[in-house]
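Here is a set of questions and answers on how certain structural terms come to be applied, each taking a term and asking what supports it.

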Amino acid sequence: MLRNYLKIALRNLVRNKVYSAINIGGLAVGMAVAMLIGLWVYDELSYNKAFANYDRIAQVWQNQTFNGRIGTQEEMPPPLGKSLRTTYGTDFKRVVMSTSDFPSILTVGAKKLTKTGRASEAAIAEMLTLPMLYGTRAGLYDPKAILLSKSVANAFFGDTDPVGEIMKVNDNNVLRVAGVYDDFPATSQFDGLEFIVAWNDNDDIVGGHKDDWDWNSFLTYVQLADNADLDKVSAKIKDLKLRNGTDDSRAYHSELFLHPMSKWHLYSEFKDGINTGGRIQFVWLFGIIGGFVLLLACINFMNLSTARSEKRAKEVGIRKAVGSVRGQLVSQFLSESFLMVGLAFVLAMGIVVVSLGWFNQVADKQMTLPWSSLSFWLASIGFIGLTGLLAGSYPALYLSGFQPVKTLKGTFRVGRFAALPRKMMVVVQFTVSVALIIGTLVVYSQIQYAKNRPVGYGREGLISIATPTADIHDHFNAIRDDLKKSEAIVEMTESHSPLTDLFLALAGYDWRGKDPNQNVSLGTIRVSPEFGKTVGWKLADGRDFSRAFTTDSSAMILNEAAVKLMGFKGAVGEIVKLEGVPFTVIGVAKDVLMESPYTPVRPTAYMLYPRKGNFAFMKLNPTIGSQESLRKIESVLKAYNPAAPFDYQFAEQDYAKKFAAEERIGNLASVFAVLAIFISCLGLFGLASFVAEQRTKEIGVRKVLGASVGSLWGLLSKDFVGLVVIACLIATPLAWYFLDGWLQQYQYRTELSWWIFAASGAGALVITLLTVSYQSVKAALMNPVKALRSE
């Protein structure tokens, strides 16, 4: 019986090549989109699951009240780790203090490379169950030890065992290689961590703040004891900082809590101390889009199968007359749908294989198809079964319900309401497609709105160089003079923070008229006197830093947001204290956008930095080419440290990274929107072809009676245009509701302009007319003699 079903299904496929191609092609595209999105969702959900202690690891975060709002941060004070171990030793198996990742120059012999690493307490190796290739995890207990990733070890030592080799970090820290661990997977929060040095409490790491409960600059990871409950332990440690900290800690109502590893990647956003989600919203978004795109393809199958019902009515009648029961007919029609879905799956797999590299590039992923995984093939079989049932169940039940008497007498007609379900499904298709188009336009509009926001400095021709060693600082004046003489640069400066981030925010500020109950935190940036001239900021009042004024060592420049916060009418000349040390305000700078382009600029104070900066900024000379300037800069820097790598970043490129996540979402959404429209139009093309074929005689009669090609085109097109108009009317309020909610997460956001909805609707109508016009015009141009010769 099954062989018979398959034979009939194959005959129908061959007999109706166009409709079979439309069905299989549409299903293949829909299934390919669903599979790509499925791989992306799986990749997102698998973050950090490679760690054996995944369900027992957490990070300590804290909520603090600043400027009247609750802020959430991961930075912790140095003494927290020791306090957790001594006070709650039974609740934790391991507690680890760590720095954030930082770039460093690693040196072995004459070879120097810039790599990213961190300093961590030794238990980090066991907590993360580092897969050691050489050495042991215990090697980090040596205070002069360093663990290297496989890629870094290969870069320096090749395939040999490097344990025991000597390596310098930033030219001032001589360490011994204690082990090599395998590179962290891409689906890990520690991806890109290329080395780990041993944590110690000396000034190199904690900077003299060993016992300072207000110095929030480090990360704290914990591994819960086997019998400990995360929520209960989180409640226990809530007030630990309040009990041990100073009046400042108590004033800012610092409350600790545990953020589990399972939520690090997908639930990383907080608002007013409450977790509001994060990337999980995109997992849901693309999961829903994948389901809808697959549904569109299945709707095509249903529409074309039921539309051609009259063609198969007699077949159903004969089968019922010779004894077939409805269940057998359902099985036959389902077998046809499963055959088509099976063929579509093979084609979809080919599409996925070909497009996966491009998709990885767009999504910034490293996904692969797990060919050797049994669960992958079981999921594929389930996917085929689900799609087959979704696409084939309605046509099977519809076709198997025909009455044999009517179909064999030739009196069977589908009725004027038979097309209603098909019309409803076309409306669903274009509602989804138009909503996706609107969503894509809104995402791009929001990105462009943020890109056009004034940043307060000149990005063009501005480069930054991370300075982990003291070479540039120790020879700053000489290097600056040499570079200016070579005409490579206009100006040069040092800074504690990069231009696209804010490394330090301090709470110990005081000024005249400050409310004693007001808890405030200001961004704090230490710079050299040439900062303003180099970055090209604009002063709203007062003057810039200058080496001509020795008093500038105790001077301060505030941004406009800080002046507004402090309530100064004229800020220049005011005294602002930081930790009791007085600074005189000499200028007010227009707000410089350093953090997210979607949030207000943080109140910030700029002061001169007496020590080495973390970054050097250089403004390239616009009168010569950038490549020539960079060549001259490298030549000058090599004169002071020949082996040091010349690594730089353009400010424009750094700033562009702030839009990377939204741009990826926009690119993916646009691709899915185009494919959704393509699938919908594919089905519309098939329906238009069927309607034109069904109304061949009517068109012939109308042409004989004098109907023009234009009127016939309008006759055949108006029904489809009407359905798309209805879809636009449904999609517009739905899209507005969800997109307005999405935009609310951005404090700096665009408006939902009417033209976006109008353009999306107009575009859908134009695409619809182009799709159906081919069949409509073809039918209208047909010789009426051919249509009426059998009458």
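Q: Which residue of strand S9 does Lys168 stand opposite?
A: In this predicted model, Lys168 stands opposite Val174 in S9.

Q: What makes S8 and S9 count as paired strands?
A: Two strands pair if DSSP finds at least two bridges between them; S8 and strand S9 (residues 173-181) are joined by 4 bridges and run antiparallel, so they meet that requirement. The two strands form a hairpin with 3 residues between them, and Asn170 in the turn has a positive phi of about 60°.

Q: How do you know that strand S4 also pairs with S8?
A: Strand S4 (residues 102-108) is joined to S8 by 2 bridges, the strands running antiparallel, and because at least two bridges are required, this number satisfies the definition. Within this pairing, Leu106 stands opposite Val169 in S8.

Q: Why are Met167 and Val169 called buried, and what sets Ile166 and Lys168 apart from them?
A: Buried means under 20% relative accessible area, so Met167 and Val169, which are buried, lie under that cut-off, whereas Ile166 and Lys168, which are not buried, do not. The side chains alternate along strand S8 (residues 166-169), with Met167 and Val169 pointing to one face and Ile166 and Lys168 to the other.

Q: How much of the protein is buried?
A: Of the 791 residues in the protein, 51% are buried, and the protein has 25 helices and 26 strands.

Technical notes: Residues numbered from 1 in each chain as written. Predicted model: local features only at pLDDT ≥ 70, side-chain atom pairs only at ≥ 80, totals over all residues. Heavy atoms only, no water. Buried < 20%, exposed > 50% of the residue type's maximum accessible area, 1.4 Å probe, protein only.
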